[in-house]
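Please look over the sequence and the model below before reading on. The report that follows takes up one helix and then one charged residue.

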Amino acid sequence: MVYGEGKCEEVFLKHLRSIYSHNKDTWVKIEPGNGGTPRDIVVGATKTPGSYGRIFVVLDNDKDKREMILAREAADNMGVVLIENNPCLEFVLLAILGDRIPKGMKSKWYKKEFESRYINRKKRVELWEYRIFTKTLLDNKRNTISELNKMITLMEGDVD
């Protein structure tokens, strides 16, 4: 199971699954988190009903350093694999689209930039909006964006 930090992560992960999970022996279940601290997100993933071989959590690492340490410790203790967007999903999305974006900005800036250029905030939860992330584009960027490569690898069923 892959557990996204929130609804936007869930929708992007479902988009990746629609492209990369075809003809695979493994079905990747994707669930949205309910927010809270990074540790809360990790714990929430482990409380999702169902039987899963492995649990992966995709979250932004733009939180307080101590909060991220607690999340990493909880993940280690609970056998959860973390995939951290550095600093946030929107930075990764902008990088995929090839935007020359400054590093070191706050996540709020990247979110605003992505939503003003590509997908309006109100439409971020609509799967079809992510069609701008074509398989060709994603294939070309996965080798240079580690977070993207990790997410695609999950969708391909290569989780070991």
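Which residue follows H3, and what is the sign of its phi? In this predicted model, the residue that follows H3 is Gly79, and its phi is positive, near 75°.

Helix H3 itself runs over residues 65–78, and its 14 residues reach 20 Å from the first C-alpha to the last, close to the 20 Å expected at 1.5 Å a residue. At the start of H3, the backbone nitrogen of Arg66 has a side-chain oxygen of Asp64 within 2.9 Å.

The residues of H3 can be set out by their exposure, as in this table.

| Exposure | Residues of H3 |
|---|---|
| Buried | Met68, Ala71, Ala74 and Ala75 |
| Exposed | Lys65, Asp76 and Asn77 |

The buried residues Met68, Ala71, Ala74 and Ala75 lie on the same side of H3, because they cover an arc of only 125° around the axis. An α-helix has 3.6 residues a turn, so residues three or four places apart point the same way. Lys65, Asp76 and Asn77, by contrast, are exposed on the other side of H3. The cover over the buried residues of H3 includes helix H2 (38–46), together with strand E3 (55–60) and strand E4 (80–85).

Elsewhere in the chain, Glu129 sits in the loop between helix H5 (107–117) and helix H6 (135–141). Glu129 is buried and yet has no salt bridge. The nearest side chain of opposite charge, that of Lys123, is 4.2 Å away, and a salt bridge requires a distance within 4 Å. Apart from neighbours within four places in sequence, Glu129 is in contact with Ile119 and Lys123.

Conventions. Residues numbered from 1 in each chain as written. Predicted model: local features only at pLDDT ≥ 70, side-chain atom pairs only at ≥ 80, totals over all residues. Heavy atoms only, no water. Helix = DSSP H or I, 4+ residues; strand = E, 2+ residues; numbered from the N terminus. Buried < 20%, exposed > 50% of the residue type's maximum accessible area, 1.4 Å probe, protein only. Lys, Arg positive; Asp, Glu negative; His and termini not counted. Contact = heavy atoms within 4.5 Å. Expected span 1.5 Å × (residues − 1). Arc of directions from axis to C-beta. Polar contact = N/O pair within 3.5 Å; in protein donor to acceptor, adjacent residues only side chain to side chain.
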